[in-house]
Amino acid sequence: DKHLEFFPKTMIHRNKQRLTKIHQYLIRMRKLQLKVTPKLVGEPKKIKRREKRREQKAEKIALIDRAIKSELVQRLQSGMYGDIYNFPKQVYKDVLEEVSEQKEDEKEGEQEEEEEEEEEEEEEDDDDDDAAVGYDDADEEELPPDPPMV
């Protein structure tokens, strides 16, 4: 204070207030550093929008490609092109594999249906056998009820 005695009082007061503000600020910063807070990360909206748009375009293109493939397969099966086959080898192989897989799936489905029908017939035969022997659900002995818990 003896070094500041010749300074104007308002300036001393202002500087003391400034010093206390800085001191409080440092204390607050130390407290905040001790607390564990999750780090906030902003969402890159522009990038997300761009990716979403690209995905939509890719889906549209995939739908168009599938439609073209199916149309070509239908035309080939109907014999529209005759003996002309100038398709890329890889695409042609893929289409042939898809068609063969579809046929195999259909055959498997038919086999499963036949097996289910056979099982149902066997179950009906078993039920008929039980009735012929004279087995009845009412013939089973009934157990006495459990005693009440106290």
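A salt bridge is taken here as a side-chain nitrogen of Lys or Arg lying within 4 Å of a carboxyl oxygen of Asp or Glu. With that cut-off in hand, the predicted model yields a count of two salt bridges. In one of them, Lys48 pairs with Glu43, and the closest N and O atoms are 4.0 Å apart. Glu43 is exposed, because its relative accessibility is 57% and the class begins over 50%. Lys48, at 45% relative accessibility, is partly exposed.

The other pair joins the side chains of Glu71 and Arg75, with an N to O distance of 3.4 Å. Glu71 and Arg75 both belong to helix α2 and are four residues apart, about one turn of the helix. This spacing fits a familiar rule: an α-helix has 3.6 residues a turn, so residues three or four places apart point the same way. Glu71 has a relative accessible area of 35% and is partly exposed. Arg75 also falls into the partly exposed class, at 31% relative accessibility.

It is worth stepping back to the fold as a whole. The protein contains three helices and zero strands, and from the N terminus on its elements run α-α-α. Of the 150 residues in the protein, buried residues make up 3%. A residue counts as buried here when its relative accessible area is under 20%. The exposed surface of the protein comes to about 15,600 Å², of which carbon and sulfur atoms supply 53%.

Helix α2 itself invites a simple check of geometry. This helix covers residues 45-78, a run of 34 residues, and at 1.5 Å a residue it should span 50 Å. The C-alpha atoms at the ends of helix α2 are indeed 50 Å apart, so the expected span and the model agree. Just after α2 comes Gly79, which takes a positive phi of about 80 degrees.

Charge on the surface offers a further point of interest. A positive surface patch is formed by Lys45, Lys46, Arg49, Arg50, Arg53, Arg54, Lys57 and Lys60. One of these residues, Arg53, is found in helix α2. Arg53 has a relative accessible area of 41% and is therefore partly exposed, since that class lies between 20% and 50%. The same value also places Arg53 above the limit for patch residues, because these must have over 30% relative accessible area.

Definitions and conventions. Residues numbered from 1 in each chain as written. Predicted model: local features only at pLDDT ≥ 70, side-chain atom pairs only at ≥ 80, totals over all residues. Heavy atoms only, no water. Helix = DSSP H or I, 4+ residues; strand = E, 2+ residues; numbered from the N terminus. Buried < 20%, exposed > 50% of the residue type's maximum accessible area, 1.4 Å probe, protein only. Areas by Shrake-Rupley, 256 points an atom, 1.4 Å probe, with all protein chains shown as cover. Expected span 1.5 Å × (residues − 1). Patch = residues over 30% accessible without salt bridge, like charges linked within 9 Å, V, L, I, M, F, W, Y side chains within 5 Å. Lys, Arg positive; Asp, Glu negative; His and termini not counted. Charge placed at Lys NZ, Arg CZ, Asp CG, Glu CD.
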